[in-house]
Amino acid sequence: MFADYSWSELTAIFAMQGFAGLILFSVFVLMALGLAIIFGQMGVINMAHGEFMILGAYVTYLVSIFFAEALPALFPAYFFIAMILAFIAAGALGMFVEWAMIRHLYKRPLDTLLATWGLSLILQQVYRSVFGAREVGVTIPDWMMGSLPLTDMIEIPINGIFVMVLAIGISVGVYVMMYRSRWGQQVRAINQNRVMAGAVGINTEWTDRMTYGIGCGIAGVAGSAFTMIGSTGPTAGQLYIVDTFLVVVFGGAASLLGTIASAFTISQAQSIMEFFLSGSMAKVLTLLVVIGILMLRPQGLFALKLRK
Amino acid sequence: MQVTRKNSLFTRYELIGFAILAAIIFIVFPMIMDTFRLNLFGKYLTYAFVAVGLVLCWGAGGILSLGQGVFFGLGGYCMAMFLKLEASTPENTSIQSTPGIPDFMDWNQLTALPWWWEPFHSLTLSLIAVIVVPVAFAFIIGVAMFRRRVGGVYFAIITQAIAAVMTILIIGQQGYTGGVNGITDLRTLLGWDIRTDEAKEILYFVNGALLFVCLGIAQYVRKSKLGRLLIAMRDQEDRVRFSGYDVANFKIFIFCLGAAFAAVGGAMFTLQVGFMSPSFVGIVPSIEMVIFAAVGGRLSILGAVYGTLLVNWAKTTFSESFPELWLLGLGALFIAVVMAFPNGLAGVWSEHVMPRLRKLGSRGDSGTPDAAPSTPAAE
């Protein structure tokens, strides 16, 4: 299958597909980070994660309309405000959901799956009623349009770079929060031993709520970033949920580094294969390999060595 | 009679429950419904096969599979492939550039039947395949996962991923599988037209009878030593292992049994509805099938049948008249069942209705429970 292409063409193909893979990687990382916190640390299977992401995307859409109508002068910078609002909106909804639903189900992880699936159906229908069934797209500010020509054959879109920078920034932020802050220490303590964590004076209820809220908030930011490279529909979140769960499980549920590494592997594999096979077969092969590896190594790539 | 013996297959109470369900399916439904509605309820009952399998895997065994749609679909596709080949005789397909192969293959420029379609010329082989293909697939998944002690949440996520892969594969390989439309336009089974009213009624009864065979097997499994071990494994897996049992083998068996039930349901679905498509294979239908079992009661095989009928009846009714409300309702149903009624209709029945009936029974003489559990579903 390589014979039809010259060497320089192949390099260009790999570079371009590799870059497309990097954008996919950024999206995976953004979605998976929130899930890694919620699923990896709390053990809650949040099937509504995609819908929290879409909430962020719709918030961005509303903010972009508001800026275009009311404050056209500040339009180039609207995205940063939209991102913050998306984080707040998705985080607040997440905290409410935790309070109303999830906190009753910590002992029944499989039931969180069903309950959050119900939540995702409700959110989808709400989006459909409010924003309509058609996909909406935001107007990207001018500075994000266009692409950087690297060589004659390789071009890199700027919005892609932006999403990547965002993914890196948020990954670093999550790392600092989880491993360098007091809150992160408490979350990890609860994850290891809930009862003891409570006994030494950690407010486990409040920490759980914050954790869930921050996980959902990051999903909201992911959705916000998502509007830069694609359009948003009520059911768009569902398309990504399986990939995201596989990314988290494949990486080793409780490991942030593992999540990033597995997002990288899966997105690169899928994107490079996509060029040579059809898109659906590339996806099937990637998922099958991931499932196969998970069957051989159920703890994922980067497992914490814990004695249970 | 045997039923009064303590270790027999049915207690008297369970026998009454089975009899009531049989009466509803074989007598009440055919009497009060026209052929169209009966066919519709026959379709719902094919999902009940899956729900009964889920009660065994999930309720008793604690294994939540989110990929039951895969087995339902495999069973259904095996049946559909046979019917499609029968419908694609060279005479019927003479306008195609390659007569004698299914129409969707011709549209996708295939010029010969793929080798793995060949066995489906024979009804016997097809019927064997309906069971064997899904069970073999379940066996592979089960061996790979349970031997490595993957369970619980991880099993759910991986089976879900398998369901996703299956859908993408079927849709992507349009020339071999019929793609997103599935295998349609099925007409006859060995020359017997399955689209007539009479055939639909006969198929409904065949379907009901098969469901009762599956219910009987499920009841037998629950009453056997295996059933008790399953519940023990669900509650304290390590203790069962330390007692010297090979936990993985029991899990593999029950998972394969659930897959076999689902496959029978899928095959009957194809026969009654007349097509099979990837929309019954993927994640969404697979999770919906879990909610059928959850609504009926994840611990009760009869409850699962009522739950399936109730949810599907509600789905048809609401999505006809208020399509917007249906998703909201279904979502709320998921949450309500999990939060408020973890044991579903069967739990409500045994916790709230039965004690009251007992009280009435001890006062008066009418001790036998009537058809009350069915009233929500019987409409």
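Between which two helices of chain B is the loop that holds Gln109(B) found? This tour of a predicted model begins with that residue.

**First stop: Gln109(B).** Select Gln109(B) and display its surroundings in chain B. The residue sits in the loop that joins helix H4 (103-107) to helix H5 (123-146). Its phi is positive, about 60°, although Gln109(B) is not a glycine. Gln109(B) counts as exposed, because its relative accessibility is 68% and the class requires over 50%.

**Second stop: Asp185(B).** Remain in chain B and select Asp185(B), in the loop between helix H7 (174-177) and strand S1 (188-189). Here too the residue is not a glycine, yet phi is positive, at about 65°. With a relative accessible area of 37%, Asp185(B) is partly exposed.

**Third stop: a surface patch on chain A.** Turn to chain A and select Ile81(A), Ile84(A), Leu85(A), Phe87(A) and Ile88(A), which make a nonpolar surface patch of about 440 Å². Ile81(A) belongs to helix H3 (residues 78-100). The relative accessible area of Ile81(A) is 39%, so this residue is partly exposed.

**Fourth stop: the two domains of chain A.** Colour residues 38-169 + 202-234 as domain 1 and residues 239-302 as domain 2, following the domain assignment. Nine residues of domain 1 and seven residues of domain 2 take part in the contact. The centres of these domains of chain A, taken over C-alpha atoms, are 21 Å apart. Between them the two domains bury about 650 Å², of which 82% is on carbon and sulfur atoms. A search for salt bridges between domain 1 and domain 2 of chain A gives a count of zero.

Technical notes: Residues are numbered from 1 along each chain as its sequence is written. Chains are lettered from A and ligands numbered from 1 in the order in which they are written. This is a predicted model: local features need pLDDT of at least 70, side-chain atom pairs count only at pLDDT 80 or more; totals for chains, interfaces and linings use all residues. Side-chain values use heavy atoms; hydrogens and water are left out. Patches are made of residues with over 30% relative accessible area and no salt bridge: like charges are joined within 9 Å, nonpolar side chains (Val, Leu, Ile, Met, Phe, Trp, Tyr) within 5 Å. Accessible areas come from the Shrake-Rupley method with a 1.4 Å probe; for residues, only the protein chains shown count as cover. A salt bridge is a side-chain nitrogen of Lys or Arg within 4 Å of a carboxyl oxygen of Asp or Glu. Helices (H or I, at least four residues) and strands (E, at least two) are DSSP runs, numbered from the N terminus. Buried means under 20% relative accessible area, exposed over 50%, partly exposed in between (1.4 Å probe, protein chains only). Domain bounds come from an automatic or database domain assignment. Contact means heavy atoms within 4.5 Å. Buried area is the accessible area (1.4 Å probe) that two parts lose on being put together, summed over both.
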